[in-house]
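Student: I would like a close look at a single part of this model. Please take one strand, describe its two sides and its neighbours, and then say what lies in the core.

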Amino acid sequence: MVKATINKEHYACSVTNGAHEVIVDEPVELGGTHKGFAPKGLLMASLASCVAITLRMYVDRKGWAVDKIEVEVNMGIENAQNIFLEEITCTGDLTEEQKQRLEDIATKCPVRKILTAGNEVRSKVL
């Protein structure tokens with residue numbers, strides 16, 4: 001469970017899971033105060049961090065020599081559909097075969113699975 005709370009300050013939201021808190025906001029040009037990630041940026045951050053963690057777990061389990069993993073995510077639109085574009089950079093000594101395997105492993109990240117599955121959001125105002 002996560003909970004977002006917004007008061008009258010445009011548009012800074014406090015988002016908590018009970019143990020941690022982040023601020024989500026809109027940029028100034030959209031009327032916000034730019035105190036934190038914009039909602040779409042936070043969605044992209046969720047995907048990028050999940051891919052990075054998934055790859056780190058795999059690399060560590062395999063004992064591969066990777067010092068750093070960077071995952072950059074951007075969003076685009078193709079054929080009226082949202083597309084998430086990932087660029088993954090691994091700093092270390094990897095073969096082309098290992099890099100290909102990491103591309104496959106990136107598709108196994110739980111956030112990616114959620115984003116690519118058919119989903120439904122239901123709202124109820126209390």
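Tutor: Take strand 2, residues 13-16, in what is a predicted model. One face of strand 2 is covered and holds Cys-13 and Val-15; the other, with Ser-14 and Thr-16, is uncovered.

Strand 2 has pairing partners in strand 1 and strand 3. With strand 1, residues 3-6, the pairing is antiparallel and runs over 4 bridges. Within that pair, Ser-14 of the uncovered face stands opposite Thr-5. The two strands make a hairpin, and 6 residues lie between them.

Strand 3 covers residues 21-24 and is also antiparallel to strand 2, joined to it by 4 bridges. Here Thr-16, another residue of the uncovered face, has Glu-21 as its bridge partner. Strand 2 and strand 3 form a hairpin too, with 4 residues between the strands. In that hairpin Gly-18 has a positive phi, near 100°.

Now the core. The largest nonpolar core has 18 residues, and those touching the most other members are Val-51, Leu-55, Trp-64 and Leu-102. Two or more residues of this core come from each of helix 1 (39-62), strand 4 (66-78) and helix 2 (96-106). Helix 1 contributes the most, 8 residues.

Val-51 can serve as an example from this core. Leaving aside residues up to four places away in sequence, Val-51 touches Val-71, Glu-86, Ile-88, Ala-106 and Cys-109.

Note on methods
Residues are numbered from 1 along each chain as its sequence is written. This is a predicted model: local features need pLDDT of at least 70, side-chain atom pairs count only at pLDDT 80 or more; totals for chains, interfaces and linings use all residues. Side-chain values use heavy atoms; hydrogens and water are left out. Buried means under 20% relative accessible area, exposed over 50%, partly exposed in between (1.4 Å probe, protein chains only). Two strands pair if DSSP finds at least two bridges between them. A nonpolar core is a set of buried Ala, Val, Leu, Ile, Met, Phe, Trp, Tyr and Cys residues joined through side-chain atoms within 4.5 Å. Contact means heavy atoms within 4.5 Å.
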